[in-house]
Every structure is written in structure tokens, then in C-alpha cells.
Amino acid sequence: MTDYKDTIQLPRTDFPMKAGLAQREPELLARWEKLGLWQRLRADAKGRPKFILHDGPPYANGHLHIGHALNKILKDVINRSQQMMGKDANYVPGWDCHGLPIEWKIEEKYREAGQDKDAVPIVEFRKECREFADHWIGVQREEFKRLGVLGDWDHPYTTMAYAAEAQIAREIGAFLLNGGLYRGSKPVLWSIVEKTALAEAEVEYHDVTSPTIHIRFPIVEPSDPALAGASIVIWTTTPWTMPGNRAIAYGADYDYVLAEVTAAGEGSLARPGERIVVAQTLLEQVCADAKITGHKVLKSFKGAALAGTVCAHPLRGRGYDHDAPLLPAGFVTTDQGTGFVHIAPGHGADDFVLGSAHGIEVPETVGEDGRFYAHVPLFAGMAVYTADGKPGDITGAMFTAMTEAGGLLAKGRLRHSYPHSWRSKAPLIFRNTSQWFISMDANDLRRKALSAIDATGFFPPQGRNRLYAMIEGRPDWCISRQRAWGVPIPVFVDKRTGEPLRDAGVVERVAQAFAAEGADAWFASDPARFLGNGYDPANFEQVRDVVDVWFDSGSTHAFVLEGRPDLAWPASLYLEGSDQHRGWFHSSLLEACGTRGRAPYDEVLTHGFVLAEDGRKMSKSLGNVVAPQEVVEQQGAETLRLWVVNSDYSEDLKIGPEIIKHQTDAYRRLRNTLRYLLGNLNGFQSSARVDPAAMPELERWVLHRLWELDRHVRRCCEEYDFHALFRALHDFCAVDLSAFYFDIRKDSLYCDALDSPRRRAAQSVLDILFECLTAWLAPILCFTAEEAWLCRFPQETGSVHLRQFLEVPASWRDDALVARWQKIRDVRRVVLGALEIERAEKRIGSSLLAAPAVYVTAEHRAALDGIDLADVAITSDIALVEGPPPAGAFTLPDVDGVGVVPQLAAGEKCARCWKVLPDVGSVPDMPGVCGRCADAVRTCRHAA
């Protein structure tokens, strides 16, 4: 038998089947560095429309976690895709550097050494915080770069840069000068452990078990004579707030009852004969909680009838002799409790608003250390929570005092959600303190922010409603923190009037000092330096609070987008996790609307959180934490990049060993597609492409699919829907190419003569496919697309990332052709299904042993006109019969009128193409091959 192997055009490529990503990726990173890829991208894009994705700064504290990887990879995919669509996508990464997490770490060092951090000079302490942040910026920068994230890593922004601190001071000054900044006394969420106010974004909620109390408030001024001598009963989960009580709230539209206790069970604190007022729907529950075994309703009435009623504080005669008026309030509910809410204006936002509306004083009862002030009767010095976050001694003392005064009706315990610091994990309290606020109403800030939301595009759209609701109902923004590591609030308060000094010259002098020396200048300089000659420093108090870190990051648009000439304001896109509706999106919106009148972004995209693959939260104790560094080290960064786009990141994502394995499988399919293209393009030059008009229908069908995909890819890039983009590309490679086009054209590529029109047309399409796929995949699989591109075009200075998406001609569109080939593919599916059964029954091995009879409708027959169905179905021959399939023929329920009767092919097996054909051996000097192969061999040997 003659060996024809050397005449077959088998694929040849240096592109390896095994990726070796963990080793290959660092080599490509080094190549990009040497090439100056980032600088070349900027030079190439000069003059194009700008696309600016402004980086929400991660915190410079610790190694990256999987959430960081998701966030930065998604940003990188977006930037790369926008660049390849003809934009100038300049990306400046940044870091958030100030704030409690870093300060906490430095404090820990002093605590472990038995030192008091407050004894350390503040400038020295801040220097240590700056060094800590700088170290972790260096670590995180290398970890981000290892993920393949392109950006201006040599010139990132940081909130602790001197120029940044200077601009943050100017932004605070803008609110000072426009009247939006004021000092007020309001209840804020306070961390006793950290001794500072916290923003809502710094708070997380955990379930805790709290003591509950039912307390009698004796009525001293009834609105109805029937209420004389009765008691209003309140219920609370925070007994420690009772010293701050100044009123009671009720629901005007609720039904209330006056009930008399007729019998009480053992251990009950209720007294037969006493009369209590509670909500009608909660009476039975109150009686059960208080062990009241008998009662009778004396009167029912609407809450509005309580207007004008006044109660005594339950500890009257023991230092609490003020009245507690009853006030209507919309926040009262009848879900649990008694239908009444005790109002402590210093310990709750609703309480404060209601009290202020009725001119009720806001007492200060609890100090920054969580202990009651010395002036608080009965409870002076007692702790709500201790310095380490443990429950203090106030609850027991409150039970005792209320019992002795006759105020306690019942006590219990309740499991409920309670606010905690997300850093220290310690419980928080609402505490009335003097803080600096930005008014939501001054300068129409709330209205401007809501209008800006309406003018912003949101992905997914529901993000708009979430942010809108937060802005619509939020209180004034508390921006002051009682800490050391941050940008100081550069304000002086006139001791004579209590008013802040609103002087633009002072603001600018402070900013210039910060730009030259950093914000440490505020603590290291004499106030006279900033005040100038026009003011006597003795008349002014220098504010020592630092600004909320959310104001820091909310100001980045000012010192990054406006501060760099290569960027633009507003940003095209802000992208962060869904928690940033109350964080960075929120603070940036308020800061920009308050100083510039509009949002600093045109669009906002949010992604979900990352969970373990079983849907649970990641936890070291559960052993289900996936560290991005480990994935990169073992499987390569491409695996994580693929995971990001292979997930619906508009919702929470999952990751774990099995999910990672699925990504490597999907990656292998894509890599094999590129390898197939490269192998079959060996020796082919793009200049030899066949004109599409001269191509066979099958090739023109592929071009139409590329036209469809091009539109889909561009739409997905514009809408940031890379999940849909990746699924389309993956399915195209797996279904349309590998399982259909490649399968059919393998015979032509391997066995046709080198110069056959069909083979040249197929190679032309493969060349176009390679050009399209490497560009479309480059934003996602940035390493693999580069490796494949360099394998075909090994240029010293070339890169796939310097390209743009191919401009696909509209002439490739052919809807009629696609409709026709859908019918052909339907017939092919029936043939393949029939042959699969033959293979399973071991009646054939290869489909080339078959020459089935295929029965089709007239419509299918017309579609197949001029098409070699045997080539399409990969059989040696096919007998096409127009008419209904005979009994016993193989059919598919979704392909009407098509049936297949399997038959073996007649003739001999060709030693070269393996088809079974009658003309095998018909050419005397080409033994064992068919006529087609004989011509191909002759051409091949002649060329050699």
C-alpha cells in the first residue's frame, strides 16, 4: 500500500494544546512592559473619543480577595473592549488610603506593646499610617497587574497624595462657602470601641439577643377623662435609652384600648385594678408578655384621641421630673410591642426629627466612651457597652430602678438585627454628638441629586431605584470623624458667635499648604499661618476632626478626572459592587452635585458579591475561601477572567473548585478553536483571500454569522453585557464552528488539492475568523489572544491589543442564505442522528462507511439544490429521495418530512481520505485512492 501521508495537509502550528498559563502569562506581562504597550495604546488612541472608566479606589490594606479580582477584571474587560471599538480608554487606577482600618492596624501595634496611641504625636502616628498604606499599594499593584489589568500603574492616584489632600480640602471649602456645611448636634451611629461616628456605609447588621422591657408611663394630663390614672405602656429593645426619654409617639389612625387588669399570674409585675393603654391588636400579646391572666376593655378609640395627653417619666421623683407628651408619628407600627414608641431624641434619627418638630430638647446622656455622663441621675458612669464592645452594667441597673419606681411591667429577650461596625465588629449606639454635616436641603442638594440620577444610565436598571430611594429619604450627611488618619476638616469656628469662618482666602491657604506638605500641615502649623493677617487666632477654634473617608473617595472625580489633562469630567462610567449605592456612587453623587450641580458619571454599573459555590458566604472557618493568588498560580489569570464573563455578574457570583474546573473546560474549547485555525492557516497569506462573492455557500454562511456576531459583540460592549457576549462567542466556536463548519471542511482542508478553489475559500474564511475571534476575545482572554496573534504574526513590536475590532462589511449579510442553510442543517441533524444509532449498534464505525437514503420534502429538496449533502453530513455518498419517509426510517420530531434509512457505502475505502467510493483504484499510478485524491496527490507532487 502506498503511503500518502506526506500529501495530506495536516494542521501545523507552534501554538501548543497545553496552555501552561501560569508560566506563559508572566512572560507576556514582561513583553508588554518591554514593548511599552500602555504608552503605545495611549499614543495610538490620541484624538479618538474618550471613554473614561473612573476607578473606585480599593482600600490599601491587605492582599487582594476574590471580590477585588472580579471588580478589576471586569473593569479591564470594559476598558479593553472600548479601546478596540475605537475609543481612547485611559484607565487610571487608584487607592483609598485614609480611614479607620489603617488607623486600627497601627493602633493594634501600640496596644500589643502596651502603649497608649493617644500619647504618640499625631504627625508621627499619621506618618506610620501613610507608610502602611504605601506598602500595601505596592503589593496590590503587582497583584492587579498579574491579573492582566492594563492601566497607568506608574501614575496611579491615591487619596493620600498631597495634591489629592489639597483638593479634598478645597471641596470641603466649597460646601463651607456655599452654606451647605454646618455644625450641629444630632444623634449619629457611634462606635464606642473606635470612639468615632460612622457612616451608614461603614455599618453592617448582625443578629443579636437584646433585653426588652415594657414600661408604664403614668398619664398626668389626659386628653380624655377616662384616661386619668391610667398608664401608657411602651416596649423597647434598648432599655439604656430610658434616661434620654422626652416623649411618646403613637399612630393617629391606629385603634387603641384602655384595659383594666383583673387578674395577674405568678411572678407578674402587673397589679389587678390598674389600667393600661395599648394598641388594640397587641393587647393579647402584651397581656401574655406581662403574665396578665385577666382583663377587661373599658374603652376603644383612635390614636388621634390621644392628642394633648401628657405622661410623667416613670422615674419621676428620682431625677427625671420632666413631662413626656404624646405625639403623633408615621413611623409607629403595630407589628410588635405596644403600639407606642418611647422617644429619646438623642438616640435615634426618627426620635430626633419628631422631637425637633415639636421643640423638645435633645439631652446629652452618653459620652464617647459609652458611659453615662456624671449629670445623669441614677446611672452616672454606667456603661452601655464597654471599651471592648461587651454589654455594660446599665441594663441590670435599669431593671432595678424601674422595678423600684413601679415602672417595669415586664421584661424579656428578643433576637433581632442590630448595627455593628464593619471594622471592629462591635455593636454601635445612636448618640447625640456635635458633628459637621452637609445639608441635604441647602442649595437644593437633594433635588439636584435626584435629577442627576434621572439623567444617569444604570446597569442593571434597578440600580437607579435603589440609589434614588436612598437619596430621597436620607438625612443630612455627617462628614466628621473623631480620628487621626484622614484629611482634616479645614474649618475655623468663631468662638464669639459659634459660626464657622467662611473665607475663600483661608480655604485656599490651607489647600496650598496641603499641596506642599500634605494634610499633616494642619496639625503641625500655627493656625495663624492659615488665618492670615485679618484674623486673631485667639478668637477661633481650629476643628480637629477629620473628614469621612466617603467624602475622600467621593471627591476623587475632582482631583483625578479634573486634575489630569489626559482624562475628562464627567466620567463615562463608574463601576463597583452593589453595596456602593450607599457608598461610593452615593458620596460621589452628593459631592459633585453639591459643588458642580450634576453627577460625576454618565453611567453606573454594579456587580454582585462573590459567594462559595454552594451559595454560602466565604469564611475561613468554613474553608471555602477562594484566593485569587492561588487560582492564578495554579490555573492562570485567564481562568479568573473567563469566570468573570462566564458569570451573570449583575447578580451574586459563585466560585469554587468545580466552577473553576468548568472554566478550564470552556477555556480549552476556545483554545482548541484558535489552535485549529492556526494549524490550518499554516503557510496561508491574507493577500491570497478569495473574494466572498466567489466563495461556496457554506463559507458565505460563516461570513453572515460573523456579521451577526459583530453586531452582537458591539451591542454587548456598549451595554457592558459581557456574559451574553462570551456565551455567544463560546457557542459560536463550539456549535457553529467545531461541530459544524470545521467538521465539514476538515476533509477539504486536509485532502483537497492545495490550489483547489474550495480549499482556498475555506482558508480565507479561517483567516477572517482568526482576525475576528482574536480581536473579540482579546479583552477577555488577553493573554491567550496575544499568544495566538504572535504565533501567526511573530512581530517584535506587534500586539493583538493594538488592533481594533474588524469592520465587518454589510455585504456579508445574507438572510435568505441563512434561512436556506437552516433547512440544510435540519436535514443534517436527522442524518447524524440515524448514523449515531448505527455506530452505537456497531454496524458502522466512521460515518464515512455510510451512504444513507435521505427522504425529504419538496421544500427541503429545493434548499439542497446544488449542495453535496454527503459532504455536509460527512458520509461517502447519499441517495436523496423526495417523498415521505418509509416505515422504520429514522426521524426527528422537530424536523417534519425528513427521514433516513441507513445504508453502507458501495466501493472501496480510499487510503487517503477514507471515503468509501466506487472509483477507488481507478487511476493506475495512484493505487488505493479515489479520483479526487489522485488529482490532489499529483498536484502536491508536482509542486514538490
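Select Glu859 to begin: with a relative accessible area of 51%, Glu859 is exposed, since the cut-off for that label is over 50%. You will find Glu859 in helix H26, residues 858-863. Keep in mind as you go that this is a predicted model. Now add Pro101 to the selection. The two residues are 758 apart in sequence, and their C-alpha atoms lie 72 Å apart in space.

**Stop two: Ala851**

Step back along the chain to Ala851, in the loop between helix H25 (815-840) and strand E27 (853-856). Is Ala851 buried or exposed? Its relative accessible area is 11%, so Ala851 is buried. Show its surroundings, leaving out residues up to four places away in sequence, and you will see Ala851 touching Asp877, Gln903, Leu904 and Ala905. Ala906 is worth a distance label too: 55 residues along the chain separate Ala906 from Ala851, and their C-alpha atoms are 7.7 Å apart.

**Stop three: H22 against H25**

Stay with H25 and bring in helix H22, residues 722-751. The axes of H22 and H25 are 13 Å apart, and the helices pack at an angle of about 80 degrees. That angle makes H22 roughly perpendicular to H25. For the contact itself, display Val735, Asp736, Ala739, Phe740, Asp743 and Ile744 on the H22 side, which meet Trp821, Arg825 and Arg828 of H25. Coloured by type, the residues of this contact come out as five nonpolar, no polar and four charged.

**Stop four: H3 and H19**

Another crossing of this kind involves H3 and helix H19 (residues 637-645), whose axes come within 9 Å and cross at roughly 80 degrees. H3 and H19 are therefore roughly perpendicular to each other. H3 contributes Ile66, Leu70, Ile73, Leu74, Asp76, Val77 and Arg80, while H19 offers Leu640, Arg641, Trp643, Val644 and Val645. Nine residues of the contact are nonpolar, none is polar and three are charged.

From H3 (66-84), move to helix H2, whose buried residues pack against H3 and also against helix H1 (21-35). Which residues of H2 (37-44) are buried? They are Leu37, Trp38, Leu41 and Arg42. Looking down the axis, you will see these four cover an arc of only 135 degrees, which puts them on the same side of H2.

**Stop five: H6 and H12**

Next, select helix H6 (residues 162-177) together with helix H12 (residues 504-517). Their axes come within 7 Å and cross at roughly 165 degrees. H6 and H12 are therefore roughly antiparallel to each other, and their crossing is right-handed. On H6, the contact residues are Tyr162, Glu165, Ala166, Ala169, Arg170, Gly173, Leu176 and Leu177. On H12, they include Ala504, Val507, Val510, Ala511, Phe514 and Ala515. In total, the contact has twelve nonpolar, two polar and four charged residues.

**Stop six: H10 and Ser588**

Helix H10 (residues 445-454) has Leu445, Arg446, Ala449, Leu450, Ala452 and Ile453 buried. These buried residues fall within an arc of 160 degrees when seen down the axis, so they line one face of H10. They pack against strand E16 (429-438), strand E17 (457-459), helix H11 (462-473) and H17.

Follow that last partner to Ser588, a residue of helix H17 (584-596). Ser588 counts as buried because its relative accessibility is 0%. Setting aside neighbours within four places in sequence, Ser588 is in contact with Ser553, Gly554, Tyr574, Pro600 and Tyr601.

**Last stop: backbone details**

Most residues other than glycine have a negative phi, and most peptide bonds are trans. A few spots are worth zooming in on with that in mind.

- Phe459 and Pro460 are joined by a cis peptide bond, with omega about -5 degrees; Pro460 is in the loop between E17 and H11.
- Trp569 to Pro570 is also a cis peptide bond, with omega near 0 degrees. Look for Pro570 in the loop between helix H16 (556-561) and strand E23 (571-577).
- Ile874 has a positive phi, near 60 degrees, and lies in the loop between helix H27 (869-873) and strand E28 (879-882).
- Trp914 has a positive phi, near 70 degrees, in the loop between strand E30 (908-909) and strand E31 (916-917). At 54% relative accessibility, Trp914 counts as exposed.

Key:
Residues are numbered from 1 along each chain as its sequence is written. This is a predicted model: local features need pLDDT of at least 70, side-chain atom pairs count only at pLDDT 80 or more; totals for chains, interfaces and linings use all residues. Side-chain values use heavy atoms; hydrogens and water are left out. Axes are lines fitted to C-alpha atoms, for helices over the stretch in contact, and angles run from 0 to 180 degrees between N-to-C directions. Helices (H or I, at least four residues) and strands (E, at least two) are DSSP runs, numbered from the N terminus. Angles under 35 degrees count as roughly parallel, over 145 as roughly antiparallel, 65 to 115 as roughly perpendicular and the rest as oblique. A crossing is left-handed if the near helix is turned anticlockwise from the far one by less than a right angle, and right-handed if clockwise. Contact means heavy atoms within 4.5 Å. Ala, Val, Leu, Ile, Met, Phe, Trp, Tyr, Cys and Pro count as nonpolar, Asp, Glu, Lys and Arg as charged, and the others, Gly among them, as polar. Buried means under 20% relative accessible area, exposed over 50%, partly exposed in between (1.4 Å probe, protein chains only). The arc is that of the directions from the helix axis to the C-beta atoms.
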